[in-house]
Amino acid sequence: MERIQKVIAQSGYCSRRKAEELIKDGKVEVNGKTITEMGIKVNYDDDITVNGESINLKEDKVYYVLNKPRGIITSTSDEKKRKTVVDLIKEEKRIYPVGRLDYDTTGVLLLTNDGELTNLLIHPKNNVEKLYIAKINGIPTKEELIRLSKGVIIDGKKTSSAKVKIKRINKKLNTSLLEITIHEGRNHQIKKMIEAIGYEVIRLRRERFAFLDVDNLKPGEYRKLNIKEVKSLYNLVQKNDK
C-alpha cells in the first residue's frame, strides 16, 4: 500500500504537492468516498478519481524521446487548437511531456506516462543536465560569459551555475553560437539568461536531456526508449536524490 498523494503523482496526473492540495480541497475520491486525510494509504487496485477523472494505475509505462520541431506546443492540449507534441506521437495511452520547450525551441523532449520518473527528472535537486545550443545576436566578452556561468538574476532570483562556451563566431553577421548546460528548468530560462547579459536569442535548440539526444531523428520524429535507457534514467535521478 502507498500514500494516496504518492499514488496520484505516480499516475502522472499531477505532482505530489498538487495532489496534496487536491486532497485538502476534497477533489479526490477512493472507492466512491471523498478523501481529505493526507496520510491515507491505498492499493493500486482501488478506484481512485481526481476531479471526477479516473486514475489508471495499472497502465503499462511508455517512454519516448522526440526531436521537437519549431512551432509545436509543449503540452497535452491547446485552447487555440495548435498542434502539440502529444499530437506527433501515435500512442493510445495518455502521455505528457517531461518539462517544457518553448514554441520556437527545438530538440530533445521526453514524453511518458510515468509520473514518478517525470517528477524525479524535473525536480531541481536531482540536477539533471540539459545542454542547449543558442544562436545569439552579438559576440559576448569573456567577462560576460563568466558572469553567465556563475549565475545571473532572472525573475528576481539568481540562476545556478552553468557550463558556457562559445562554439562559433560570425563576425560578418555579428552573431555567436553558444553551448550552455544547465540543470534547472525555469520558464524561458536560457532566453532570459542571455537577455541578462545584454543579448537576444535568435534560435535555440536542446541538444541533450540527461544522456538522451536526437542525433538520428529528423524534426518531428521520435523513438521509444529501451529498458536499459529507462533504468539508466531512474539510476541517475535516484543517485542524485540521495
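I started with the lining of the second largest pocket: by class, I count six charged, five polar and four nonpolar residues there. Note to self: this is a predicted model.

Next I looked up how much space that pocket holds. The second largest pocket comes to about 540 Å³. It has 15 lining residues, and I find S15, R16, R17, N119 and H123 closest to its centre. Then I asked which elements give two or more residues to this lining. I get three helices: α1, α2 (16-24) and α3 (115-122). Which of them gives the most? That is α3, with four residues.

Since α1 turned up in that lining, I checked its covering. Helix α1 spans residues 4-11, and seven of its eight residues are buried. My list of the buried ones reads I4, Q5, V7, I8, A9, Q10 and S11. So I put α1 down as mostly covered, taking buried as under 20% relative accessible area.

On to the largest pocket. I have about 750 Å³ of space for it. Its lining runs to 32 residues, and those closest to the centre are G99, R100, L101, G185 and R186. Where do I find elements giving two or more residues to this lining? I noted strands β8 (96-97), β10 (130-137) and β15 (201-209), along with helix α5 (189-196).

Last, I sorted the lining of the largest pocket by class. I have 14 nonpolar residues, ten polar and eight charged.

How values were computed
Residues are numbered from 1 along each chain as its sequence is written. This is a predicted model: local features need pLDDT of at least 70, side-chain atom pairs count only at pLDDT 80 or more; totals for chains, interfaces and linings use all residues. Side-chain values use heavy atoms; hydrogens and water are left out. Buried means under 20% relative accessible area, exposed over 50%, partly exposed in between (1.4 Å probe, protein chains only). On a 1 Å grid over the protein atoms alone, a cavity is a set of points where a 1.4 Å probe fits but cannot get out, and a pocket is an open set with protein on both sides within 12 Å along at least five of seven lines; lining residues have an atom within 4 Å of a point. Grid points are joined across faces, edges and corners, and a volume is the space filled by probe spheres set on the points. Ala, Val, Leu, Ile, Met, Phe, Trp, Tyr, Cys and Pro count as nonpolar, Asp, Glu, Lys and Arg as charged, and the others, Gly among them, as polar.
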